[in-house]
Amino acid sequence: MRKAVIAGGIRWPDEVRTLSTLDAPAVLAAHAALQQLLARFEKEGVAGSCGYSAKGLELVVGEGGGMYIVRINQRMDKCGWVVPPGFSTEMDWFELYAVSSEGKVLARYPYTP
């Protein structure tokens with residue numbers, strides 16, 4: 001049995017079910033996570049370029065542990081960047097957020113690429 005991951009003051013779910021259809025609370029959760037990340041980009045001074053804007057991001061929403069888990073992936077291909085042959089995209093970053101059904105960001109997973 002895996003040890004429970006407790007980070008940001010919450011217990012992260014062991015299993016997350018990816019949603020194929022988003023109900024209104026899932027949309028609120030996705031929006032809240034995206035807004036938090038975009039605000040962080042502003043503070044860090046990287047906002048403005050495509051890869052650090054909503055255009056260059058992809059969101060995956062799942063449910064687990066009574067909350068929504070939102071994964072935000074950077075998608076440079078959405079900015080016109082073509083992956084050269086033999087180039088590894090394994091170092092691409094992502095963010096994970098736990099969000100309530102009311103759209104309150106509960107925690108950011110402590111992952112730093």
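At 24% relative accessibility, Cys50 counts as partly exposed, a class that lies between buried (under 20% relative accessible area) and exposed (over 50%), as computed with a 1.4 Å probe on protein chains only. Its partner Cys79 is likewise assigned to the partly exposed class, at 26%. The model is a predicted one, in which local features need pLDDT of at least 70 and side-chain atom pairs count only at pLDDT 80 or more, whereas totals for chains, interfaces and linings use all residues. Residues are numbered from 1 along each chain as its sequence is written, and side-chain values use heavy atoms, with hydrogens and water left out.

Cys50 and Cys79 form a disulfide with their sulfur atoms 2.0 Å apart, the criterion being a pair of cysteine sulfur atoms within 2.5 Å. The structure holds one such bond. The torsion about the S-S bond of Cys50 and Cys79 is about -85°, so the disulfide is left-handed. Cys50 belongs to the loop between α1 (24–44) and β4 (57–64), and Cys79 to the loop between β5 (67–74) and β6 (94–99), so the pair ties together parts that are 29 residues apart in sequence. In general terms, a disulfide is a covalent bond between the sulfur atoms of two cysteines.

The elements just named belong to a secondary structure of one helix and seven strands. Helices (H or I, at least four residues) and strands (E, at least two) are DSSP runs, numbered from the N terminus. Along the sequence, they follow the pattern β-β-β-α-β-β-β-β. Of the 113 residues of the protein, 32% count as buried. Contact here means heavy atoms within 4.5 Å; among contacts between residues at least 6 apart in sequence, 58% join residues at least 24 apart.

The interior may be considered next. In soluble globular proteins, nonpolar side chains tend to be buried together. A nonpolar core is defined as a set of buried Ala, Val, Leu, Ile, Met, Phe, Trp, Tyr and Cys residues joined through side-chain atoms within 4.5 Å. The largest one in this model has 18 residues, and those with the most contacts inside it are Leu37, Leu57, Val61, Val70, Ile72, Tyr97 and Val99. At least two residues of this core come from each of α1, β4, β5 and β6, and α1 gives the most, with eight residues. Apart from this core lies another, of seven residues, among them Ala7, Trp12, Ala98 and Ala107. With neighbours within four places in sequence left aside, the contacts of Val99 include Ala29, Ala32, Ala33, Met67, Val70 and Leu106.

Strand β6 also carries a charged residue, Glu95. Is Glu95 buried or exposed? Glu95 has a relative accessible area of 3%, so Glu95 is classed as buried. The side chain of Glu95 makes a polar contact with the side chain of Arg108, at 2.4 Å. A polar contact is a pair of N or O atoms within 3.5 Å; within protein, one must be able to donate a hydrogen and the other to accept it, and residues adjacent in sequence count only if both atoms are side-chain atoms. Beyond its neighbours within four places in sequence, Glu95 is in contact with Leu37, Arg40, Val70, Arg71, Ile72 and Arg108.

Aromatic rings provide further links. Rings of Phe, Tyr and Trp (its six-membered ring) pair if their centres lie within 6.5 Å; planes under 30 degrees apart count as stacked, over 60 as edge-to-face and the rest as tilted. A search of the whole structure finds two such pairs. The rings of Trp12 and Tyr109 have centres 5.1 Å apart and planes at 90°, so this pair is edge-to-face. Trp12 is in strand β2 (residues 10–12) and Tyr109 in the segment after β7 (105–108), 97 residues apart. Trp12 is buried at 5% relative accessibility, whereas Tyr109 is partly exposed at 26%. Phe41 and Tyr52 form an edge-to-face pair, 5.1 Å centre to centre with 85° between the planes. This pair links helix α1, which holds Phe41, to the loop between α1 and β4, which holds Tyr52. Phe41 is buried, with a relative accessible area of 3%, and Tyr52 is partly exposed, at 29%.
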